[in-house]
Amino acid sequence: MLSAFTARPIIELKQRDKSKIESILAYGDRVLVGLNTGSLRIYRVNELPPAPPPSSQAADGTWSSEATEPTTQDQQEPSTAQDYHAAAPGFHNAQAAPKGPKPTDLLREVEKFSTRAIEQLAIIKEANTIISLSNYNGVALHDLQTFEPIEFPTARTKSASTFAVTSNIVRDPDTGIPEIISRLAVAVKRRLLLWSWHESELSPDVTEIVLSEAIRSLTWANANKVVCGMNGGYQIVDVTTGQMEDIVGPGAIGAAGGQSRFGATASMGYMGLGNFTPKPLSAKLAEGQLLLAKDINTLFINDSGKALEKRQIPWQTAPESIGYSYPYILALQAPTKGSLEVRNPDTLNLLQAISLPGAASLHFPPPTVSLAHAGKGFHVLSERVVWKMDATDYDSQIDELVKTQRYDEAISILAMLEDALLKNKTETMREVKMLKAELLFRQRKFRESMDLFNEDEVQAPPERVLRLFPKIIVGELGVDEKKPEEPPQEDSDHEGPPNGKANGDHAPKEDEPHFEVSSPQKGGGFAKYLMGQGRKKFDPETSSIVSSRRVPVDDDAASIRTSKAAENQRAQDEKDLMTAVSELNSYLAGARARLQRVIDPATGKLKPRTSGATEEAFKTLLMSHKDEDDEQLEKDLQETFRVVDTTLFRAFMYSRPTLASSLFRIPNFCDPQVVNERLVEHNRFNELVDFFYGKKLHRQALDLLRKFGSPDEPDEAAPTLHGPQRTVLYLQGLPPELIDIILEFSEWTLRKDPKLGMEVFLADSENAETLPRARILHFLGGIDTALEIQYLEHIISELNDMTPEFHNRLVELFIRQLREEKKPGEEEGWDSLMERLVQFLKDSRQYSLGRAFSLIPRDDSRFYEARAVVLSNMGQHKQALEIYVFQMKDYKKAEE
């Protein structure tokens, strides 16, 4: 269990002293002890050594003999072992302890402080006043320094049962100036009497409020309201207005006809005691909350008296007293039990049970202490002993909870504690939540685990999360499926809490994650549970006994059953792995988004650092990044990005293969080798082409397209890649800088389908228009002159290219094609080509007229018109007309 507090006896009455301790008051370095004789003893608390380490504490939170120091024996020598056991049975012998300073020294005893037992003590520090309650005598006031009585109407408080004080800083409604106002509430049967101090002056005015029943307990809810506990229930009273309001819950405490345990006024534990009614208890908690308790029934309320939606504390027996010591709820059992319970006010779970023989009541510092005093402990008293309850260091408490895998408790307490009380609350909370997420994962609660890993306050480093998965999903980071780590051997009664929370109550095994050691280094979580290796083995010493009880069965039948069980286990493992991987996708998406905030996925370069938030982002992405320069940090982040994207790809391929292609349409860091192997294995060549394109591995992509596109028959593995269509589309998307690759891989498309292949160069796109035209012309000329002519016509007529070389080349190619011998059936094509030549000669002014004239055959009648056009452009109109009139006899064209 947790060691939140350590019990240290600081005052003990010697054996021959017949007095009994009735009450105490602790303030500063003083402890005032009220006795049943009416005497008041004043002790000074000496500076105590630091609390012992957990190893020197007993299991119940008390000190062992090595750590216990001698208590004050009324300035006498330390008691014998018999004295100790007589006063407080159950304590170890203090005589063996090394001698050291006494925890307290008796400074003074005021013998006639009261004529009767001093039942209650309190202090109003601002007024330098002690308030005491004595049996039948009522309430009395004394000076804190001289212990002399202060004038007070004690007679009005005769037969008072209890009182409560509070001090608060309140702004004056008229001036707005803050002042300290202290209030004293005294319960005298049904009457509630109220006094107040303004600064240090006692006001002569007394307020009296009469309730319906006798008041048995009082607790201040805030500066103006007090909770009154009665046999029939509770009321909250506004002392400034006198307004009273019943506190009603789901079956109000003490109310008849309630639908829950709150309706009971007595428990079975009081049988034989007549009409005894348990005392209504109340305690002020943190943040304006109060706890009401009657018998074993509890109710949480706010400081306005409204019930809060919280379940009841699962007490087995009614507590004798309750209280609150930041941040825990305390319950003291009856003196016969002598046990102090420490509970988490959030989960209400029992964290510590401390054995305090004969302990009868609790004493707490005033509820108005500052945060600096929070968690400094409280006091417990019996008739013979006063224990100081020292609070253990909060970091040690969290560490202890984590070691026992009580992660929910650790997270709950961390959330309640102020930052100043911990070394590093943020990092501790983050670490505990990651440990809880790992435990949830091992419990097969994959969604809860991944959601916790991905919380804004956690954002676990990818490397830590991925180590929970097998290598088939995460590669080198994964656990070995063939040789999983042996699971911890846990008893059946330590499997976990019945509510299913990630919160173990058992002691940690050696291979369970500890707070000081990063648990991912163990790396066996997933294989234990998902690969069928987490089943408990037989003890070799008892296996013979187990086997002897079995009924002999046929070997073949047993083999079949074993095989079927193994098959079922494999199916379950695969199902679990599929579920885990599906949930992993959401975590990886979140990790990828965090990576993109610090590194550009397109360039792989670090983004400019804007604030401290960037440093926090580094912390959530890398296991360690201290003292790294930007260059090394960039490399580490690139590697993390590579691991995340490659794992995301593997996860998609395992759980939802159709989503893999979506990852390739954005800049990514996927490992090309892994992607290539996995996609080829699954015949997903379309996605592989997309991936190669995104990674700018164009040669690999185009080789793949040529492999499946060039054969005459489609390949069954990739029928959609057959033909040049996909290659042409791919080439159209490449920039002019890759002209070598474009020309290399467009050749087979031009030979396979010239019309489709030419779309690479003729498309209406920026890439096609900015390609180096001279290289393309040379390339096309080597394949087919017609293709070169087609490209020249495109860039001259469509793109308005005025380069003279291109115009001359087109004239040359036209004439060369036309001079070739006309084949049968191609007359129409020849005529069309001639018309295109003539029209080009008319329209263009960029070609060389002299060169064109020299290329045109002089005596070939088919070229007369082309020759005439050139002559006309050269200004030799007479010769041009002669050709039209005398040689062509085309008078219409001559007139034009």
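Start by selecting Cys 670: in this predicted model its relative accessibility is 1%, so it counts as buried. Now pick Cys 228, which is buried too, at 0% relative accessibility. If you were hoping to draw a sulfur–sulfur bond somewhere, how many disulfides does the structure hold? The count is 0. For reference, a disulfide is a covalent bond between the sulfur atoms of two cysteines.

Next, go to Phe 641. You'll find it in helix H12, which covers residues 630–655. Buried or exposed, what would you call Phe 641? It's buried, with a relative accessibility of 0%. To see what surrounds Phe 641, skip the neighbours within four places in sequence and show its contacts: Arg 592, Leu 595, Gln 596, Ile 599, Pro 601 and Phe 669. Put a distance label between the C-alpha atoms of Phe 641 and Gln 596; it should read 8.9 Å, for two residues 45 apart in sequence.

From there, move along the chain to helix H15, residues 685–694. Which residues of H15 are buried? Colour Phe 685, Glu 687, Leu 688, Val 689, Phe 691 and Phe 692, and you have them. Notice that a glutamate, Glu 687, is in that buried set along with the phenylalanines. Then switch on what covers them: the cover includes helix H13 (660–664), helix H14 (672–681), helix H16 (698–709) and helix H17 (725–732).

Stay here for one more click. Past the end of H15 comes Lys 696, sitting in the loop between H15 and H16. Check its backbone: phi is positive, about 60 degrees, although Lys 696 is not a glycine. With a relative accessibility of 65%, Lys 696 is exposed.

There's another residue of this kind to visit, so jump back to Glu 287. Where does Glu 287 lie? Look in the loop between strand E19 (281–284) and strand E20 (289–294). Glu 287 isn't a glycine either, yet its phi is positive, about 55 degrees. Its relative accessible area is 76%, so Glu 287 is exposed.

Last stop: select Tyr 326 and Pro 327 together and look at the peptide bond joining them. That bond is cis, with omega near 0 degrees. Pro 327 itself is in the loop between strand E22 (321–325) and strand E23 (328–332), so show both strands to frame the view.

Notes
Residues are numbered from 1 along each chain as its sequence is written. This is a predicted model: local features need pLDDT of at least 70, side-chain atom pairs count only at pLDDT 80 or more; totals for chains, interfaces and linings use all residues. Side-chain values use heavy atoms; hydrogens and water are left out. Buried means under 20% relative accessible area, exposed over 50%, partly exposed in between (1.4 Å probe, protein chains only). Helices (H or I, at least four residues) and strands (E, at least two) are DSSP runs, numbered from the N terminus. Contact means heavy atoms within 4.5 Å. A disulfide is a pair of cysteine sulfur atoms within 2.5 Å.
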